[in-house]
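Here are my notes on the model, set out as numbered points that move from the sheet to the packing around it. Please keep the sequence and the structure open while reading them.

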Amino acid sequence: ASVALVGTSLAMQEVYRRIAIAASTEIPVLITGESGTGKELVASAIHAHGLRRDKPMHRIALPALGESLIESELFGHARGAFTGAFESREGIFSVSSQGTLMLDEVGELPLLQQVKLLRVLESGEYSPLGTTQTRKSTARILAATNADLPALVQAGKFREDLYFRLA
């Protein structure tokens, strides 16, 4: 059973208006708000009303991966890229290439992976871990965070250019 956004207040009407605007585009969207405010519901609504609604939507909770797995999970890896990589594996950017990808808690992404995410947002290109091979992804990016990204930018913990691309 899916959960829908509900409410008729002026604030919710503004949320619905912004969802409609975001759904009509292909540009990345940054969804902000405190924990429990429905960021994932907003992302689902953008996808459901968007141009890629007939394609899959994938979600990845970045903090749950741990810093050592983030790059492999996002971009995939080649066989032998690291201890335990007994076979090549596609990353979420490959799996989501034609659909929508929600990056949950993007504010917790380490700086090294922020650089690589920025490259994907700018050019659609990435390289699986352990290769120099460039691949393309056309995934629609929806990023969510409860962090104060402008404050993280000021503190040097989040790239300003990535924030600009997402917001």
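1. Two strands are taken to pair if DSSP finds at least two bridges between them. The model is a predicted one, and every statement below should be read with that in mind.

2. By that criterion, E3 and E6 are paired in the parallel sense through five bridges, and in this pairing Asp104 stands opposite Ala144 in E6. E3, which spans residues 100-104, also pairs with E2 in the parallel sense, again over five bridges, with His58 placed opposite Leu101 in E3.

3. How many strands make up the open sheet, and in what order? Four strands form the sheet, in the order E1-E6-E3-E2, and their pairing is parallel. Its edges are strand E1 (29-32) and strand E2 (57-61), each of which pairs on one side only. On average, neighbouring strands of this sheet are turned by 20° against each other, direction ignored.

4. At the E1 edge, four bridges join E1 to strand E6, residues 140-145, and the two run parallel. Here Ile31 stands opposite Ala144 in E6, and Asp104 stands opposite Ala144 as well, so that a reader who locates Ala144 can find both E1 and E3 from it.

5. Is E3 mostly covered or mostly open? E3 is mostly covered, since five of its five residues are buried. Both of its faces are involved: Thr100, Met102 and Asp104 are buried on one side, while Leu101 and Leu103 are buried on the other.

6. Helix H1 (residues 10-23) packs on helix H2 (residues 39-48) at an angle of about 45°, with the two axes 8 Å apart. Angles from 35 to 145 degrees that fall outside 65 to 115 count as oblique, and H1 and H2 are therefore oblique to each other. H1 passes H2 in a right-handed crossing. The contact is made by Val15, Ile19, Ala22 and Ala23 on the H1 side and by Val42, Ala45 and Ile46 on the H2 side.

7. Within H2, the buried residues are Lys39, Val42, Ala43, Ala45, Ile46 and His47. Which elements do the buried residues of H2 pack against? They pack against H1, E1, E2, strand E3 and E6, and the strands in that list are the four that form the open sheet.

8. Three aromatic pairs are found when the whole structure is searched. In one of them, the ring centres of Phe75 and Phe93 lie 5.5 Å apart and the ring planes meet at 10°, so this pair is stacked. Phe75 belongs to helix H4 (residues 67-75) and Phe93 to helix H5 (residues 92-95), so the pair ties together parts that are 18 residues apart in sequence. Both Phe75 and Phe93 are buried.

9. Phe93 also pairs with Tyr126: the ring centres are 6.2 Å apart and the planes are at 35°, so this pair is tilted. Because Phe93 lies in helix H5 and Tyr126 in strand E4 (residues 125-126), the pair ties together parts that are 33 residues apart in sequence. Phe93 has a relative accessible area of 0%, and Tyr126 counts as buried at 2%, the cut-off for buried being under 20%. Taken together, Phe75, Phe93 and Tyr126 form one aromatic cluster.

Key:
Residues are numbered from 1 along each chain as its sequence is written. This is a predicted model: local features need pLDDT of at least 70, side-chain atom pairs count only at pLDDT 80 or more; totals for chains, interfaces and linings use all residues. Side-chain values use heavy atoms; hydrogens and water are left out. Axes are lines fitted to C-alpha atoms, for helices over the stretch in contact, and angles run from 0 to 180 degrees between N-to-C directions. Rings of Phe, Tyr and Trp (its six-membered ring) pair if their centres lie within 6.5 Å; planes under 30 degrees apart count as stacked, over 60 as edge-to-face and the rest as tilted. Buried means under 20% relative accessible area, exposed over 50%, partly exposed in between (1.4 Å probe, protein chains only). A crossing is left-handed if the near helix is turned anticlockwise from the far one by less than a right angle, and right-handed if clockwise. Contact means heavy atoms within 4.5 Å.
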